[in-house]
Amino acid sequence: MNVLLSAAFVICWSSGFIGAKLGAGSASAVTLLMWRFLPLAFVLLAVALARSSWRGLTPRDVARQVVVGALSQSGYLLTVYGAIQLGVSSGTTALIDGVQPLVAGALAGPLLHQYVSRRQWLGLGLGVAGVAVVTGADAASGGHAAWWAYAVPFLGMLSLVAATFLEGRSRTKVAPEAALTTHCLTSAVVFTALAVGAGAAVPPAEPSFWIATAWLVVLATFGGYGLYWLILSRSGVTQVNTLMFLMAPVTAVWGALMFGEPFGAQTALGLAVALAAVLVVRRGAGPGDRPAERVPDDTAKAAAGARR
């Protein structure tokens with residue numbers, strides 16, 4: 001896995017937690033998410049139609065991408081934003097999100113035949129320890145969130161895991177441009193419906209709202225979300241999800257720099273442990289950790305024969 005690509009992914013994905021906090025004070029979660037995706041969806045749709053991005057895909061392929069987008073964007077983001085607005089800190093939300101590698105690692109073998117080696121399991125356990133160290137103090141500090149609010153980002157994590165495996169089991173390779181456009185269109189429809197239904201479709205006039213929206217579109221959507229699927233296709237489930245261990249420590253650094261949140265020796269120690277976990281998992285990767293080559297279905301084979 002390219003180191004620079006991985007570093008860019010970690011920074012951009014972590015920026016989503018910060019962007020959610022930037023916009024939390026000016027609008028509800030559904031308002032922010034609606035205006036994050038609605039203009040973006042129109043732009044991506046125009047580009048996709050001009051470039052015929054869905055050429056060669058069957059209605060079933062597109063329907064699968066709609067479900068993947070509903071899980072990986074709509075479901076995941078709604079729970080993350082909702083948890084932060086309920087008072088769960090960005091660092092704790094990132095910690096719960098950091099449990100994803102263990103869930104994905106446990107399921108990768110039976111579902112995708114990408115088995116996790118002993119060394120990789122050691123790295124996964126080390127990663128959990130790292131994120132726990134980083135946010136342990138935050139979770140014990142006694143915030144303003146209700147106890148049940150901490151289950152909300154956990155549901156989002158499960159939603160993203162489900163989307164990852166649904167995409168991984170697909171036998172048809174979908175171009176990143178077509179997938180991203182479909183996912184964003186799906187999210188635009190979902191969040192617009194929720195915002196209109198809640199009477200929260202009108203955006204606020206505060207500049208902070210539009211700054212947060214632009215932040216999320218550029219860094220979180222194009223950067224974090226786009227790189228997630230790119231790295232997944234190149235390196236497999238275990239390695240891309242191991243990078244999630246870095247989200248809680250990096251988010252803590254972002255929070256300290258932008259919002260004055262505490263950053264002490266405990267956070268630095270957790271960051272070091274999480275980095276060690278990534279190195280252990282990468283060095284423990286075997287041939288079975290690479291993503292299996294997708295076999296085209298009968299429709300794709302027929303289309304390929306017609307083009308020859």
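User: What kind of crossing does H8 make as it passes H9, right-handed or left-handed?

Analyst: In this predicted model, H8 passes H9 in a right-handed crossing.

User: Which residues make that contact?

Analyst: On the H8 side you have Leu180, His183 and Cys184, and H9 brings Thr221, Phe222, Tyr225 and Trp229. Sorted by type, the contact has 5 nonpolar residues, 2 polar ones and no charged ones.

User: Why are H8 and H9 called oblique to each other?

Analyst: Look at the angle: the axes of H8 (residues 176–197) and H9 (residues 207–235) cross at roughly 125°, coming within 11 Å. Roughly perpendicular covers 65 to 115 degrees and roughly antiparallel needs over 145. The angle fits neither class, so the pair counts as oblique.

User: What makes serine 52 partly exposed?

Analyst: Its relative accessibility is 30%. Buried would be under 20% and exposed over 50%, so serine 52 ends up as partly exposed. You'll find serine 52 in the loop between H2 (29–51) and H3 (59–85).

User: What is notable about the phi of serine 52?

Analyst: Phi there is near 55°, a positive value in a residue other than glycine. Most residues other than glycine have a negative phi.

User: Which elements have the lowest and the highest mean pLDDT?

Analyst: Helix H13 (residues 298–307) has the lowest, at 34, and H8 the highest, at 94. Over residues 287–308, pLDDT stays under 50. Where pLDDT is low, don't read the predicted coordinates in detail. For the chain, the average is 78, with 79% of the residues scoring at least 70.

Terms used
Residues numbered from 1 in each chain as written. Predicted model: local features only at pLDDT ≥ 70, side-chain atom pairs only at ≥ 80, totals over all residues. Heavy atoms only, no water. Axes fitted to C-alpha atoms, helices over the stretch in contact; angles between N-to-C directions. Helix = DSSP H or I, 4+ residues; strand = E, 2+ residues; numbered from the N terminus. Left-handed = near helix turned anticlockwise from the far one by under 90°. Contact = heavy atoms within 4.5 Å. Nonpolar A, V, L, I, M, F, W, Y, C, P; charged D, E, K, R; others polar. pLDDT = per-residue confidence, 0-100. Buried < 20%, exposed > 50% of the residue type's maximum accessible area, 1.4 Å probe, protein only.
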